[in-house]
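Subject: Structure handover

Hi,

Here is the structure I promised to pass on to you. Please have it open while you read, since my notes go through it piece by piece.

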Amino acid sequence: MLTDKVAVVTGGASGIGRATAQLLASHGAAVVIADLDESHALSAADAIAETGGQALAMRVDLRDETQARAMVEATVARFGGVDLLDNTVSYNAPEQTGADGEIHEMEVAIWNRALEINLRGPMLAAKYCIPEMLKRGGGAIVNISSTAGILSLGTVPAYAASKAAVHSLSQSIATAYGKRGIRCNTIAPGFVDTPTTRNMGDRFFQMTLDNNVLPYLGEPEDIAQAALFLLSDAARYITGQLLAVDGGQTIHLPVVADMWRMAAGKPLVETA
């Protein structure tokens, strides 16, 4: 499906990014895994190589324009060009607390960090990948947003605002470069079963599960499959769109989970 294609995956060392890099490689793409976590990026690249794929791991801080440019230069030097870009790079709340803080108390540094990583990072990756895509007659980009950018979670305003803006970036890229053969779409994952999600606690994990239409949370591979589709020629007529891969989290009114509880004869509020 992706034979002779070159893909850059930012945030590709773990979780959704790693699953995406591995899936793209399994379909024939040469993959560059860019991440601040160099050791896990190298591990991901080694895993791809062990199955016969091609991968290059790089330590990249996408807040730094010089590093973004160097990432693309290294990709071209190693594989000859760039065809695909998957921006999974992301930053949530500080110290994994699960909250940015209320607006009237939030440290500006938290707001700035969310925008720098979640929005400026994908923009810089696109800035330097797009010229290389144009040299090859076009390409495809997927930017990873979040359902928190669609419906407010309340506790992560910096993260949510940055992720909402990611889709606007995708629309701008899709509009500006569509006639030149570049497509750009956004994926908004719901809650995905990862170590980070599990670290938020059993009660939070259960609440997210209760509010999904499907009886399970997604896996990183579920998001990777959506990215594979949107990056492939199977999605050749899709651009500028937002795809929520969320188990039905964003399709219903907030009271649905309580209605299910009532129907099952369970209390609306659990007691300790």
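Below is what turned up, grouped by region. Please keep in mind that this is a predicted model.

**Cysteines**

I began with the sulfurs. How many disulfides does a search of the whole structure find? The search comes back with zero. Cys129 is in no disulfide, and the cysteine sulfur nearest to that of Cys129 belongs to Cys184, 11 Å away. Seen from Cys184, the closest cysteine sulfur is the one in Cys129, and at 11 Å the two are too far apart for a bond. The cut-off used for a disulfide is 2.5 Å between sulfur atoms, so the 11 Å between Cys184 and Cys129 rules one out. Both side chains are hidden from solvent: Cys129 is buried, at 0% relative accessibility, and Cys184 is also buried, at 0%.

**Strand 6 and the loop before strand 7**

Next comes Ala188, which sits in strand 6, residues 182–189. Is Ala188 buried or exposed? Ala188 has a relative accessible area of 0%, so it counts as buried. Setting aside residues up to four places away in sequence, Ala188 touches Ser145, Ser146, Thr147 and Ile150, as well as Leu242, Leu243, Ala244 and Val245. One of these partners, Ser146, is 42 residues from Ala188 along the chain, yet their C-alpha atoms are separated by 4.0 Å.

Gly240 is found in the loop between helix 8 (220–231) and strand 7 (242–245). With a relative accessibility of 13%, Gly240 is buried. Beyond its neighbours up to four places away in sequence, Gly240 touches His167, Gln171, Ala174, Cys184 and Asn185, so one of the two cysteines discussed above comes up again here. For Gly240 and Ala174, the sequence separation is 66 residues and the C-alpha to C-alpha distance is 5.2 Å.**Two aspartates with buried positions**

Asp86 lies in strand 4, residues 84–87. Asp86 is buried, at 1% relative accessibility. Which residues does Asp86 touch, not counting those up to four places away in sequence? They are Val8, Val9, Thr10, Thr20, Val142, Ile144, Ala227 and Leu231. From Asp86 to Val9 the gap in sequence is 77 residues, while their C-alpha atoms are 4.8 Å apart in space.

Asp61 belongs to the loop between strand 3 (55–59) and helix 3 (65–79). Asp61 has a relative accessible area of 15%, which places it in the buried class. Leaving aside neighbours within four places in sequence, Asp61 is in contact with Leu36 and Gln67. Asp61 and Ala19 are 42 residues apart in sequence, and their C-alpha atoms are 20 Å apart in space.

**Helix 9**

Helix 9 covers residues 256–263, and its buried residues are Val256, Ala257 and Arg261. Why do these buried residues count as lying on the same side of helix 9? They cover an arc of only 145 degrees around the axis, and that puts them on the same side. Met259, Met262 and Ala263 are exposed on the other side of helix 9. Helix 7 (202–210) is included in what covers the buried residues of helix 9. After helix 9 comes Gly265, with a positive phi near 75 degrees.

**Asp4**

A positive phi also turns up in a residue other than glycine: Asp4 has a phi near 70 degrees. Where is Asp4 placed? Asp4 is in the segment before strand 1 (6–10). Asp4 counts as exposed, with 66% relative accessibility.

**The second largest pocket**

Finally, a pocket to look at. The second largest pocket holds about 200 Å³ of space. Its lining is made up of 16 residues, and Lys5, Gly138, Gly139, Ala140 and Asp233 lie nearest the centre of the pocket. What classes of residue make up the lining of the second largest pocket? There are five nonpolar, five polar and six charged residues.

That is everything I have for now. Happy browsing!

Best wishes

Methods
Residues numbered from 1 in each chain as written. Predicted model: local features only at pLDDT ≥ 70, side-chain atom pairs only at ≥ 80, totals over all residues. Heavy atoms only, no water. Buried < 20%, exposed > 50% of the residue type's maximum accessible area, 1.4 Å probe, protein only. Helix = DSSP H or I, 4+ residues; strand = E, 2+ residues; numbered from the N terminus. Contact = heavy atoms within 4.5 Å. 1 Å grid on protein atoms, 1.4 Å probe; cavity = no way out; pocket = protein on both sides within 12 Å on 5 of 7 lines; lining within 4 Å. Points joined across faces, edges and corners; volume = space filled by probe spheres on them. Nonpolar A, V, L, I, M, F, W, Y, C, P; charged D, E, K, R; others polar. Arc of directions from axis to C-beta.
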